[in-house]
Amino acid sequence: MNSTTALPRTRLRITGGILADRAAIVRDVMLPYQWEALQDRVVGAEPSGCMHNLRLAAGEATGTFHGLFWQDSDLAKWIEAVGFRLGSFPNAALEETVDEVVRLLSLAQAPDGYLDTYFQLVEPQKRFTNLRDCHELYCAGHLLEAAVAHFEATAKTTLLDVARRLADLLVRTFGPGPSQLRGYCGHEEIELALIKLARVTGDERYTDLAAWFVDERGRTPNWFEQEAARRPGDKLPWYVHHDGLAYWQAHRRPAEQTEPVGHAVRAMYLYSAMADLALERGDTALRDACFRIWREIEHRHLFLVGGVGADGPGGEKFSEPYDLPSDRAYAETCAAVGLVFFARRMLDLSLEARFADVLERAFFNNVLAGMSLDGRSFFYVNPLEVRPREARRRYDSRHVKTTRQPWFGCACCPPNIARLVMSLGDYLVSHHGDTIALHVPATMRIETGSDDSAPKIDVRTEYPWDGRVLLTFHCTAPTELTVALRIPGWCRSATLVLPQGGSIEIAEAMPSCVDGYTLVLKRGYLHVTGRWSDGAALELRLAMPAERIYAHPSVAATAGQVALQRGPVVYCFEEVDNGPDLAALRLPRSARITDTFEDSLLGGCTVLEARGRRVCADLALEDEPLYRNTPHATTPAHLRAVPYALWANRGEGEMRVWIHETEV
């Protein structure tokens with residue numbers, strides 16, 4: 001077992017700021033709303049069928065299976081999110097609701113441990129015969145994760161027992177033995193779930209199986225090809241176009257892979273499991289593969305808003321390097337959630353700011369864009385440019401929704417957002433040996449140990465709207481402790497104010513010892529070691545001006561365009577603020593960009609404004625020729641940008657992140 005751990009949620013509580021606000025929305029609105037959706041009680045929403053199917057499988061209802069064959073996973077993710085919620089905010093009524101779901105799961109589970117309502121109700125004779133397409137192990141993985149969260153929150157073993165019976169079945173069924181299947185899932189998830197289950201139960205058979213699933217993937221002969229040969233008339237699905245086996249990350253062994261390929265969500269879950277195994281087992285080949293793949297994601301496949309997966313619909317997958325279209329981007333919310341998972345695990349492998357930079361980029365922009373401010377509607381895909389009339393008409397944009405939806409037939413994203421937001425404490429701070437690393441600032445209380453006498457740290461900040469982060473230490477006696485403060489890659493200037501009041505500019509050449517505190521800047525984290533007394537305060541000041549962002553010249557979609565970012569927050573222009581035809585806007589390179597925090601706008605956010613230009617037609621629209629041999633004139637325009645995560649909360653309209661830039 002490793003020495004790098006997240007602080008348990010009971011020892012880290014977010015107490016204020018935007019993260020507390022979003023957590024409250026999920027806790028008080030989204031989780032109850034999603035429970036109604038899972039029971040098909042949300043008017044106007046696509047029916048889920050999850051609870052209907054479970055009651056059928058448990059023998060407590062009549063009817064037929066509804067939905068997709070991976071429908072069980074939506075319920076499992078909701079249970080996991082509730083587990084995280086109960087761990088921090090106990091609620092007897094909600095716990096009783098989950099107890100009832102667990103009772104039904106226990107009734108539905110087959111005597112040998114199998115549990116998948118689709119196959120139990122629709123095709124019981126085809127268990128584990130189409131691992132490539134049918135998601136049985138994916139659904140099992142989400143149930144395992146739900147059981148771990150439920151057990152950690154309530155100490156009840158009821159769901160954990162269900163999960164262990166299912167996991168034990170998998171241990172018996174899959175592996176290299178003569179009577180075992182050498183297969184693995186087409187949608188990765190089971191691998192990281194088994195590792196979680198092993199950590200909470202201490203049963204290393206589960207980690208062994210996770211390692212086997214990863215190591216067997218992509219070997220020759222290829223399981224998916226062998227499996228397909230046993231299905232008469234089987235053809236590769238149309239959405240794997242160009243990628244073939246790489247769509248499932250099964251084209252070669254994971255330890256040999258060099259770039260992100262295939263379905264983006266599946267890839268993120270696989271890479272997360274690879275990083276877990278590299279840490280748990282000291283597997284250097286998997287570790288090296290994680291670092292190779294990470295570099296390719298960060299440098300060639302990452303949307304500015306932290307999304308991954310450019311190619312959709314259907315495929316929901318990585319495209320060629322630098323193919324990052326704005327108007328038809330997929331950037332699925334689940335893929336951004338998965339990227340947060342992967343980034344957090346990369347921090348376990350190596351404490352480097354670049355991993356947390358991507359983690360917060362994905363979360364503050366792509367993930368949070370997936371939920372409305374009222375918690376009752378959601379985005380599945382997250383384009384960086386939307387023109388509603390065209391998006392509704394064009395077949396290649398049919399995946400783009402111009403407003404958030406109350407639910408989806410494939411509703412993987414809403415509960416994924418919920419479980420991430422409810423477990424945010426695992427991503428903000430971690431222990432690295434004797435060092436407490438602060439990855440993403442938030443207003444929170446950190447307890448550094450389980451003993452009541454262990455130091456506690458109160459963090460106060462308005463991040464990401466403000467770059468000031470104040471840490472106050474509470475100690476029963478002076479205590480030696482190291483805190484590692486991330487200096488974000490977007491930050492051009494940072495200052496540290498020490499307890500005695502002295503300040504120092506953070507740079508590679510700064511002093512190593514000031515006022516008795518040892519300072520070491522390493523891989524983007526400032527390690528501050530000192531003997532902390534009760535009430536001692538340490539302040540980090542991160543300069544956070546609005547900045548222009550330019551894409552690599554190989555990104556054809558953004559040629560000649562510029563985007564705005566302030567701190568980790570990416571901005572967009574909406575029709576409600578700037579009028580229609582956003583493509584006609586121009587931002588002069590010389591224009592000054594101002595930032596203002598507006599309490600009454602979109603729940604409170606910083607707005608960016610600048611003096612720009614608008615290209616105008618010379619004649620009435622119906623008389624203006626389509627083409628001409630002289631440029632159009634421009635008129636002054638007031639440009640106003642809001643955080644991308646908050647777009648589409650004020651009605652339908654155009655939106656774009658990248659706008660054209662002019663010299664003057």
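Here is a friendly conversation about a predicted model, built around how its labels are earned.

User: Why is Cys605 called buried?
Analyst: Its relative accessibility is 0%. The label buried applies under 20%, so Cys605 counts as buried.

User: And what makes Cys491 buried or exposed?
Analyst: Here the value is 11% relative accessibility. The cut-off for buried is under 20%, so Cys491 counts as buried.

User: How do you know how many disulfides there are?
Analyst: A search of the whole structure turned up zero disulfides. Cys605 makes a good worked case: the nearest cysteine sulfur belongs to Cys572 and is 10 Å away. A disulfide needs two cysteine sulfur atoms within 2.5 Å, so Cys605 is in no disulfide.

User: What makes strand β18 largely enclosed?
Analyst: Strand β18 covers residues 569-574, and six of its six residues are buried, so the rest of the structure largely encloses it. You can check this face by face. On one side sit Val569, Tyr571 and Phe573, and on the other Val570, Cys572 and Glu574, all of them buried. As background, side chains in a regular strand alternate between the two faces of the sheet.

User: How do you know which strands pair with β18?
Analyst: Pairing calls for at least two bridges between two strands. Strand β17 (residues 561-566) meets β18 over two bridges, in the antiparallel sense. Strand β22 (residues 634-643) is joined to β18 by three bridges, again antiparallel. Strand β23 (residues 655-656) pairs antiparallel with β18 over two bridges. In residue terms, Gln565 has Val570 as its bridge partner, Tyr571 stands opposite Pro643 in β22, and Phe573 stands opposite Arg656 in β23.

User: What lies between β17 and β18?
Analyst: Two residues lie between these strands, which form a hairpin. In the turn, Gly567 has a positive phi of about 60 degrees.

User: What makes β2 and β11 edge strands?
Analyst: Start with the sheet itself: seven strands form an open sheet in the order β2-β6-β7-β8-β15-β10-β11, with antiparallel pairing. β2 (12-16) and β11 (503-505) each have a single partner strand, so one side of each has no neighbour in the sheet. Inside this sheet, β10 (residues 494-497) and β15 (residues 537-542) pair over four bridges, and Val497 has Glu539 in β15 as its bridge partner.

User: Which peptide bonds before Pro221 and Pro464 are called cis, and what are their omega values?
Analyst: The bond joining Thr220 and Pro221 is cis, with omega about 0 degrees. Pro221 is in the loop between α10 (204-216) and α11 (223-229). The bond from Tyr463 to Pro464 is also cis, with omega near 10 degrees, and Pro464 belongs to the loop between β7 (456-461) and β8 (468-474). For context, most peptide bonds are trans.

User: What is notable about the phi of Gln249 and of Asp515?
Analyst: Most residues other than glycine have a negative phi. Gln249 is not a glycine, but has a positive phi of about 55 degrees. Asp515 is not a glycine either, and its phi is positive at about 55 degrees.

User: Why is Gln249 called buried but Asp515 partly exposed?
Analyst: Gln249, in the loop between α11 and α12 (264-281), has a relative accessible area of 0%, so it is buried. Asp515, in the loop between β12 (513-514) and β13 (517-522), has 42% relative accessibility. Exposed would require over 50% and buried under 20%, so Asp515 counts as partly exposed.

Terms used: Residues are numbered from 1 along each chain as its sequence is written. This is a predicted model: local features need pLDDT of at least 70, side-chain atom pairs count only at pLDDT 80 or more; totals for chains, interfaces and linings use all residues. Side-chain values use heavy atoms; hydrogens and water are left out. Buried means under 20% relative accessible area, exposed over 50%, partly exposed in between (1.4 Å probe, protein chains only).
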